[in-house]
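Colleague: Before we discuss the model, please place the sequence and the structure before us. I shall then put my questions in turn.

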Amino acid sequence: MEPIKFLKPAADFHVHVRDGEMMKLVVPTIRQGGVSVAYIMPNLVPPLTAVKDVLAYKSRLEEVDSEVTYVMTLYLSTAITPEVIHEAAKAGITGVKCYPAGVTTNSDYGVNSYVPYYPTFAAMEEENMVLNLHGECPSAGHIHVLNAEQEFLPTLKDLHTRFPKLRIVLEHCTSAAAVAAVKECGPTVAATITAHHLSLIIDNWAGNAHNYCKPVAKLPSDRDALVEAATSGSPKFFFGSDSAPHPVVNKEKAKGYSAGVFTQPNVVAYVADVFAKTGKLDKLEDFVCNFGRNFYNIAEKPTDWTIALKNENVIVDPLLGTGPGAVVPFMAGEPLDWKVEIV
Ligand code: DOR
Ligand code: ZN
């Protein structure tokens, strides 16, 4: 079979690359995985809540690989006033990421209620910025990791009704209920789907910390709904890997290990494998290249390369880096049927 060549490299609309040594280790894997546009998450320690800090972070990323287009975000907290939104828009920051307090990695400064942020959301709507929602309610009472996303969906719909022109992305959706809710909303609401949630279910992370992330992978019926949405050709669903590197020492602790699945070096190959198995390879380019770009409409650096898919067996590297800061990739040591080549 002839390789399938795309017009452009992939665009990944949900990326964690951290800072310092981890950033230096992980940023080169963005291009290696076939991606030229990376939407960068702000949940550093401390989180990025000032425009100047986001811009300084972008410069540090550029120092590692200046050919990737980094699309930048702020972390929603009490510091993000309407004035900060206007300043951010002028500085070219694209989005604001909202983490409910305590639901995931570095979310301690996140939100407890959305109401105080209505003026901020109104300013974002005015500036055409994007609100990126981590769509989970914190576990408490009847809420637990399996229904936390479903319980959040009324909030998604409420925000969309209040701010109909505000572009909202439900990040890393993981359930059939979320897919249905996003379809019911107007065209300003879209969702990202990760590579790993296209194959994982609850059994794969119960007992394997490397497959544990938030929101957790759910039932086979949820996984199937995600595959159906991603391969459907609907522009409301596009690729955001939520690749989330953690040092192996933090993943292999007996208790309290970090949430996050690291997929960056092979993001497109994982997705290609799933699309091929469902006979939908013809829908891959729209999902990983076009729909996200169309929704965001960002200015990109020109690239002189693209990607080609080859039906060739590859084994996923067991480890990226060395020592306690090394990172274990998703499906470490396992075979993939599709190889992504940079051409
Ligand atoms: O599993 C996750 N890891 N989910 C998130 O929302 C954050 C991410 C991280 O930063 O490690
Ligand atoms: Zn994330």
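Modeller: Strand β11 (residues 307-310) and β14 pair in the antiparallel sense over 4 bridges. Strands here are DSSP runs of E of at least two residues and helices are H or I runs of at least four, numbered from the N terminus, and two strands pair if DSSP finds at least two bridges between them. This is a predicted model, in which local features need pLDDT of at least 70 and side-chain atom pairs pLDDT 80 or more, while totals for chains, interfaces and linings use all residues. Residues are numbered from 1 along each chain, chains are lettered from A and ligands numbered from 1 as written, and side-chain values use heavy atoms, without hydrogens and water.

Colleague: Which residue in β14 is the bridge partner of I307?

Modeller: Strands of a sheet pair through backbone hydrogen bonds, either parallel or antiparallel. For β11 and β14 the sense is antiparallel. The bridge partner of I307 in β14 is I342.

Colleague: Which strands stand at the edges of that sheet?

Modeller: The open sheet of 3 strands runs in the order β1-β11-β14. Each edge strand has a single partner, so one side of each is left without a neighbour; these strands are β1 (4-5) and β14 (339-342).

Colleague: In the open sheet of 6 strands, what is the order?

Modeller: The pairing in this sheet is parallel. β5 (73-75) and β10 (237-239) each have a single partner strand, so they stand at the edges. The order is β5-β6-β7-β8-β9-β10.

Colleague: Which residue in β9 does L170 stand opposite?

Modeller: Strand β8 (residues 167-171) pairs with β9 (residues 189-193) in the parallel sense over 3 bridges. Opposite L170 in β9 stands A191.

Colleague: How much of the area that ligand 1 exposes when taken alone does the protein bury?

Modeller: An oxygen atom of ligand 1 is 2.8 Å from an N or O atom in the side chain of H246, and a backbone N or O atom of G260 lies 3.3 Å from an oxygen atom of the ligand. Taken alone, ligand 1 exposes 280 Å² (Shrake-Rupley method, 1.4 Å probe). The protein buries 100% of that.

Colleague: Which residue does a cis peptide bond join to K214?

Modeller: Most peptide bonds are trans. Here the bond is cis, with omega about -10°. The partner lies in the loop between α8 (202-205) and α9 (220-230); the residue joined to K214 is P215.

Key
Polar contact = N/O pair within 3.5 Å; in protein donor to acceptor, adjacent residues only side chain to side chain.
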